[in-house]
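Work through the exercises below with the sequence and the coordinates at hand. Each task is followed by a solution in steps.

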Amino acid sequence: MQTIINYLPSFMQFPLFWVLAILAVAVVLFIQNKLRMDVIALMVLLAFSLSGILTTKEALAGFGDPNVILLALLYIIGDALARTGVANQMSDWLLRVAGASEAKVIALLMLSIGTLGAFMSSTGIVAIFIPVTLAICASLNISPRRLMMPLAVAGLISGMMTLIATTPNLVTHAELVKAGYEGFHFFSFTPIGALVLVLGILYMLAVRRWLDDGSVPVSVNNDDSMAHLIEEYKLNGRAKMVVLSEGSHFIGKTIDELNLRSVYQLNIIAIQRYKNFRHITLAAFGKDQLQKKDILLMDIGVDETRFAQLCEEFGMQPIELKGEYFSTQSKSVGMAELGVMPETETIGQTVDALNFRSNFGLSVVGIKREGQILQNNLLTETVKSGDILLVMGVWQKITAMVQIRKDFFLIGMPKESKQAVPAASQAPHALFALVIMIGLMISGLVPNVIAAFIACLLLGAFRCIDMKSAYESIHFPTLILVIGMMPFSLAMQKTGGVALMVEKFISLTGGANTAYPLILIGLFALTAVVGLFISTSATAILMAPIAIEVARQLGYPPTALVMVVAIASSAAFMTPISPVNSMVVSLGNYRFSDFLKVGLPFTVITMLVTAFLVPILFP
């Protein structure tokens, strides 16, 4: 390799030339967006190793970096929060409180995302809130253009709230530690992030009309929704909710003992029980004993008068049911259509003999046969070839039943199944694990990565997440991107690239003769421009060493300048290519100019807030 270099022109014999050449090629490939970002990062890693600029050990050091492991663990923790319904509960609260006020919706939406996003992936939290936002748009009869942009802006701001909120924060923290400095604390970013969030809410309330192009709300296709199935199977008016009063005849008895469906045409779909300071939804198995104050979700085959008589007779108190046929409980209770496999023992058996309740806690609430819907006396109905069964119960049990019973095949599950919460009953345990992790990180008793390890083990022990889901939750492309771009930092320092860029930056900004806030503004602007072309993680990796060296030469706190880089890296408001913004482009029918029009002024606002607060936080 060295022999080849000797025959090249003199300017090409400097290692810095090759580092800048690799950087330029990587930037071009990032902009073209034809190759995956993680593939580009691996190509960068390979180029550094083969060129001899870095040793193999230096090039591969990212695979053993504690912050990369920490990032992977945080993906698992974020998925556990989603699986246990913590985010969904906040979205439900938003829908209840916001009402019909668009301004209140925007404020609460951004506040919810900014708060939750401080502890989980910004892309993950935005994904959770997209269906909620679309539902709000439909209910308020407004275009998604007016709410999708605030949703994305809040997602980006959430990355400025805590140390673990986004990858740039962790990457810049790691660079500080490598350089021999203390690094950031858990809430170091919070004062800046909180003020930016408040200003972001006010800003989006002021400019939301810029996004209104007169388009009508996106029509929702109900063909694959619970509402469509409820209508098709004629289930309207059949749903009831009752609570078991003290002294009820049902208390202490199993569902099988009561024979409610066969004798009284009262079919228990699911049970809501107060446990761990909240109501949880349980599958209704035949051997389950009913308890005082249980709330029963029931499908009834009798008229209102007869149902009222049965309630009085058995000590059941009716509860007002909002929505149609448990549609408002769709995060925990759902339905699915199942087809009968040909030539199986199922054909010829009655629905009762299939033991759906005993085995899976599910109920057959409808049968479709040759285009006709059967409703009455389903327990005694004989299953025939070509029948389609509509089963209902807790989502997890539907999924389990489809995987186990090979004599049925899944025809389709409504779109509400995507919002199902697999471990809703474990939400308090998930919050407990999160609090333990935050407490350990704040106290400094153990390294951050060990605190995250402890939280993940607790989440597994509490069954908030299983191993399969944990591995699937890790976003490996992002990890590989960070690992592949990490060598740039070391290569730039070894070849004098950082020193050269620092020299140019100081000369352009006036150096020691320039006020502290103006240096911060210049650094923020440079980072924001770099972030237009490459990912936020890569931007932070490239700019953090420059910020540290500028601080050293000018006598400023390195932590202050590195924080500016972290905040600026997350402030990707101007471009639709950032992961968060890309999720809402098609839903809001946005153009590049929309992001520039809304994002540029708010980027300036964020820059001024950062330049104002950083000197106060790091004098």
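Buried means under 20% relative accessible area, exposed means over 50%, and partly exposed lies in between (1.4 Å probe, protein chains only). This is a predicted model, in which local features need pLDDT of at least 70 and side-chain atom pairs count only at pLDDT 80 or more, while totals for chains, interfaces and linings use all residues. Residues are numbered from 1 along each chain as its sequence is written, and side-chain values use heavy atoms, with hydrogens and water left out.

**Exercise 1. Describe the protein as a whole.**

Step 1. Take the extent: the C-alpha trace spans about 90 × 55 × 50 Å along its principal axes.

Step 2. Count the secondary structure. Helices (H or I, at least four residues) and strands (E, at least two) are DSSP runs, numbered from the N terminus. The protein has 28 helices and ten strands.

Step 3. Find the buried share: of the 619 residues, 53% are buried.

Step 4. Look at contacts, meaning heavy atoms within 4.5 Å. Among contacts with a separation of 6 or more, 78% are between residues 24 or more positions apart.

**Exercise 2. Characterise the interface between domain 1 and domain 2.**

Step 1. Fix the bounds, which come from an automatic or database domain assignment. That assignment gives domain 1 as 226-330 and domain 2 as 333-419. Their centres, taken over C-alpha atoms, are 20 Å apart.

Step 2. Count the residues in contact: 28 of domain 1 meet 28 of domain 2.

Step 3. Obtain the buried area, which is the accessible area (1.4 Å probe) that two parts lose on being put together, summed over both. Between domain 1 and domain 2 this comes to about 2400 Å², with 60% from carbon and sulfur atoms. Met 226, Tyr 233 and Arg 261 supply 30% of the area that domain 1 buries against domain 2, more than any other three residues.

Step 4. Count polar contacts. A polar contact is a pair of N or O atoms within 3.5 Å; within protein, one must be able to donate a hydrogen and the other to accept it, and residues adjacent in sequence count only if both atoms are side-chain atoms. Seven residue pairs, both members at pLDDT 80 or more, are in polar contact across the interface of domain 1 and domain 2.

Step 5. Assign the domain 1 side to elements. Those giving two or more residues are α12 (226-232), α13 (255-258), α14 (260-264), β2 (266-275) and β3 (278-283). The most come from α12, with five residues.

Step 6. Sort the domain 1 side by class. Ala, Val, Leu, Ile, Met, Phe, Trp, Tyr, Cys and Pro count as nonpolar, Asp, Glu, Lys and Arg as charged, and the others, Gly among them, as polar. The side of domain 1 that touches domain 2 has 17 nonpolar, six polar and five charged residues.

**Exercise 3. Which residue does Lys 368 pair with in a salt bridge, and how exposed are the two?**

Step 1. Apply the criterion: a salt bridge is a side-chain nitrogen of Lys or Arg within 4 Å of a carboxyl oxygen of Asp or Glu. Side chains of opposite charge can pair when their charged atoms come close.

Step 2. Identify the partner. Lys 368 forms a salt bridge with Glu 232, with 2.4 Å between the closest N and O atoms. The count between domain 1 and domain 2 is one salt bridge.

Step 3. Check exposure. Lys 368 is buried at 16% relative accessibility, whereas Glu 232 is partly exposed at 27%.

**Exercise 4. Compare the settings of other salt bridges, of which the structure holds 14 in total.**

Step 1. Start within a helix. Lys 178 and Glu 175 form a salt bridge with an N to O distance of 4.0 Å. The two are three residues apart in helix α10 (residues 167-178), so about one helical turn separates them. Lys 178 is exposed at 51%, while Glu 175 is buried at 5%.

Step 2. Turn to Arg 273 and Asp 294, whose closest N and O atoms are 2.7 Å apart. This pair links distant parts of the chain, 21 residues apart: Arg 273 is in strand β2 and Asp 294 in the loop between β3 and β4 (295-300). Both Arg 273 and Asp 294 are buried.

Step 3. Look for shared partners. Glu 102, Arg 146 and Arg 208 are joined into one network by salt bridges.

Step 4. Examine Arg 146, which lies in helix α9 (residues 145-158) and is buried at 9% relative accessible area. Its side chain makes a polar contact of 2.8 Å with the side chain of Glu 102. Leaving aside residues up to four places away in sequence, Arg 146 touches Glu 102, Ile 106, Arg 208, Arg 209, Asp 212 and Tyr 590.
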